[in-house]
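Here is a walk through one chain, starting from a single loop residue and working outwards. Have the model open while you read.

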Amino acid sequence: MGVDEPGTPDAEVGETRVVDVQPGEVRVVDVQLGESRVADARRGASSVADARLGWDAVSRAGAGAGAGAGVGGGAGAGVAPGSGRKPSAHASGAGSAVRGDSAYGSAPAGSVREASAYAAGGVARDRKSSARRGAVDPVKALMHRHRELCERAVDPLEIAAGLEAHGVTDRTATRFRHRDVFSLAEEMYARVPRAGDTAPRSEAPDSPRVRADWALLTLLPGALCAATVTGLRLTEGRPRLAVAVVGVFAISLGVRAAVRRGPLRAARAWHPTTSTRVWTCGLLAYALLGDGLLAAGIEGGPHGPPTGGSDSPWPVALASVLALTLAVVPAAWCAHLFAVRARRRLATSRGLEEFASSVRPLLLGVFGLFLCALGGLLAGSGAWLGEPPAYAAAGALGALLLLARLLTVHGYTHAPAVILAAAGTAEALALVSVFAGRLPGCPLLARPVGTVAAAWGPGSVPALVCGGAALVLLVHATRTLTRASAHAAHGDTP
């Protein structure tokens with residue numbers, strides 16, 4: 001069996017594979033026996049190609065196939081390199097001489113003689129080196145530890161993501177004589193016996209596709225909110241209250257339907273908790289009523305419930321809520337773009353650090369794209385309703401909700417739950433402090449919020465709270481969403 005250098009096409013599939021090549025060694029995996037052995041290129045070989053020929057001779061001599069001046073094989077033995085590139089490796093004809101067609105060129109005539117000499121004493125040396133290394137195969141032990149991961153993996157990338165999720169880094173992979181986690185995963189994938197599958201898949205993993213159902217569902221929250229706002233503008237009294245109640249209920253169902261399909265959908269095990277949903281609704285309610293209530297409280301009001309019209313005791317920010325519901329569309333498309341591009345880069349990366357450095361600017365770019373789209377929606381909604389657009393407050397809330405959803409979709413639910421709860425609590429305390437300052441002897445409680453509102457307006461309170469929370473989540477996302485494990489397929493997302 002002759003083994004060529006990685007990088008040449010048209011590999012044949014056989015019983016052994018070269019899954020990793022490091023300076024000075026050639027790693028060969030026997031798929032049927034589940035063994036991994038190393039041929040040292042420095043043992044009497046002038047080049048890596050000669051070392052490969054020598055390793056071939058040792059393997060056949062140890063298997064009883066015979067060793068001599070020529071090494072032959074009945075059927076062509078192919079290799080699949082761990083680098084993800086398709087090598088060309090085959091031996092033709094029984095009893096034929098070894099061929100060394102590789103990226104280094106044809107093997108010299110002395111290579112066959114060196115292979116024969118290597119075969120003569122190679123078995124003894126290999127047994128001695130095996131004894132020195134010990135009977136334990138570290139890669140086999142790692143495979144046993146992650147047996148379920150290896151058995152259910154559909155490609156080496158899934159094993160790499162699983163190892164990275166369990167704390168295996170590129171530095172850890174060097175202890176298994178591999179240059180990175182991706183190379184180690186390819187050997188583990190190659191050593192798992194599979195019926196009818198003898199080579200790891202080299203193509204990119206399946207990426208989520210655009211589907212008409214979720215694309216249309218993302219339009220539903222904005223359409224329902226626009227209809228509700230129109231109804232509030234055209235009605236008065238009790239009909240207006242009925243329109244408001246029905247509209248809120250319909251918008252909630254629309255948002256629920258939009259996030260249950262497509263790129264905004266979280267896997268069943270990662271669904272947000274009830275407390276997370278409650279705090280999200282609280283933040284949206286503050287965006288609708290909070291600024292007006294805060295301003296009225298500072299001035300000594302309010303003197304009645306909000307009506308949603310021009311005669312309301314305190315203003316209602318309909319433009320902000322309308323823009324946020326319309327922003328479900330760009331949020332879904334940005335999440336889709338991030339997922340597709342990240343999985344493509346996962347397929348082409350050869351190390352965890354390389355993947356993280358390539359995904360980090362992608363995440364920041366998608367985040368900036370969403371903010372631009374949200375700013376345009378705020379401007380359009382404010383112009384339509386005749387309200388000043390709350391760029392800072394509504395923009396910060398939109399950024400916070402997008403990052404929380406992205407983290408939840410990719411399996412990180414704890415940080416979004418904590419940050420959303422902290423932001424909701426801070427806004428509630430701001431309102432409570434204003435009204436608590438009216439109590440005898442407690443005017444100091446309202447002074448911090450009153451000072452901020454007097455300097456920058458009532459909208460500065462949610463802008464500072466949600467902006468700080470979004471910044472924390474953004475820093476957290478640049479550390480978690482740039483991991484390979486964050487982009488492994490989780491099975492139940494359409």
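V316 is buried: its relative accessible area is 16%, and buried here means under 20%. This is a predicted model, so every value comes from predicted coordinates. V316 sits in the loop between α11 and α12. Along the chain V316 is 26 residues from G290, yet the two C-alpha atoms are 8.3 Å apart in space.

That loop has another feature to look at. P302 also lies between α11 and α12, and the peptide bond joining G301 to P302 is cis, with omega at about -5 degrees.

Now for the two helices on either side of the loop. How do the axes of α11 and α12 cross? Helix α11 covers residues 274-298 and helix α12 covers residues 318-326; their axes come within 7 Å and cross at roughly 145 degrees. On the α11 side the contact uses L284, A287 and L288, and these meet L318, S320, V321 and L324 of α12. Sorted by class, that contact holds six nonpolar residues, one polar residue and no charged ones.

L284 is worth a closer look. This leucine is found in α11 and counts as partly exposed, because its relative accessibility is 34% and the buried class stops under 20%. Setting aside residues up to four places away in sequence, L284 touches V321, L324, L397 and L401. With L401 the sequence gap is 117 residues, while the C-alpha to C-alpha distance is 9.9 Å.

Next, α12 itself. Is α12 largely enclosed or largely open? Eight of its nine residues are buried, so α12 is largely enclosed by the rest of the structure. The buried ones are L318, A319, S320, V321, L322, A323, L324 and T325. What covers them includes α9, α10 (237-259), α11, α13 (328-348), α14 (352-385) and α15 (391-409).

One residue of α14 to check against this helix is G380. The C-alpha atoms of G380 and A323 are separated by 8.2 Å, with their positions 57 residues apart along the chain. G380 is partly exposed, at a relative accessible area of 40%, whereas A323 is among the buried residues of α12.

Here are the C-alpha pairs mentioned so far, side by side.

| Pair | Apart in sequence | C-alpha to C-alpha |
|---|---|---|
| V316 and G290 | 26 residues | 8.3 Å |
| G380 and A323 | 57 residues | 8.2 Å |
| L284 and L401 | 117 residues | 9.9 Å |

Another loop residue to visit is T218, between α8 (212-217) and α9 (220-234). T218 is buried, with a relative accessible area of 2%. Leaving aside neighbours within four places in sequence, T218 is in contact with A258, V328, V329 and A332.

On to the empty space inside. How many cavities of 30 Å³ or more does the model have? The count comes to four, and the largest cavity holds about 90 Å³ of space. Its lining is made up of L283, Y286, A287, D291, S320, A390, A393, A394, L397, E427, P462 and C466. The elements giving two or more residues to that lining are α11, α15 and α18 (460-480), with the largest share, four residues, coming from α11. By class the lining has nine nonpolar, one polar and two charged residues.

Some names here have come up before. A287 and S320 take part in the contact of α11 with α12, and both also line the largest cavity. L397 is another lining residue, and L284 touches L397 too.

Then there is the nonpolar core. In soluble globular proteins, nonpolar side chains tend to be buried together. In this model the largest nonpolar core has 74 residues, and those with the most contacts inside it are I159, L163, L184, M188, L400, L473 and L481. Take L184: not counting residues up to four places away in sequence, this leucine touches V139, L142, L163, V168, A173, F176 and H178.

Finally, the chain as a whole. It has 18 helices and three strands. Of its 494 residues, 47% count as buried. Among contacts with a separation of 6 or more, 73% are between residues 24 or more positions apart.

Definitions and conventions
Residues are numbered from 1 along each chain as its sequence is written. This is a predicted model: local features need pLDDT of at least 70, side-chain atom pairs count only at pLDDT 80 or more; totals for chains, interfaces and linings use all residues. Side-chain values use heavy atoms; hydrogens and water are left out. Axes are lines fitted to C-alpha atoms, for helices over the stretch in contact, and angles run from 0 to 180 degrees between N-to-C directions. Contact means heavy atoms within 4.5 Å. Ala, Val, Leu, Ile, Met, Phe, Trp, Tyr, Cys and Pro count as nonpolar, Asp, Glu, Lys and Arg as charged, and the others, Gly among them, as polar. Buried means under 20% relative accessible area, exposed over 50%, partly exposed in between (1.4 Å probe, protein chains only). A nonpolar core is a set of buried Ala, Val, Leu, Ile, Met, Phe, Trp, Tyr and Cys residues joined through side-chain atoms within 4.5 Å. On a 1 Å grid over the protein atoms alone, a cavity is a set of points where a 1.4 Å probe fits but cannot get out, and a pocket is an open set with protein on both sides within 12 Å along at least five of seven lines; lining residues have an atom within 4 Å of a point. Grid points are joined across faces, edges and corners, and a volume is the space filled by probe spheres set on the points.
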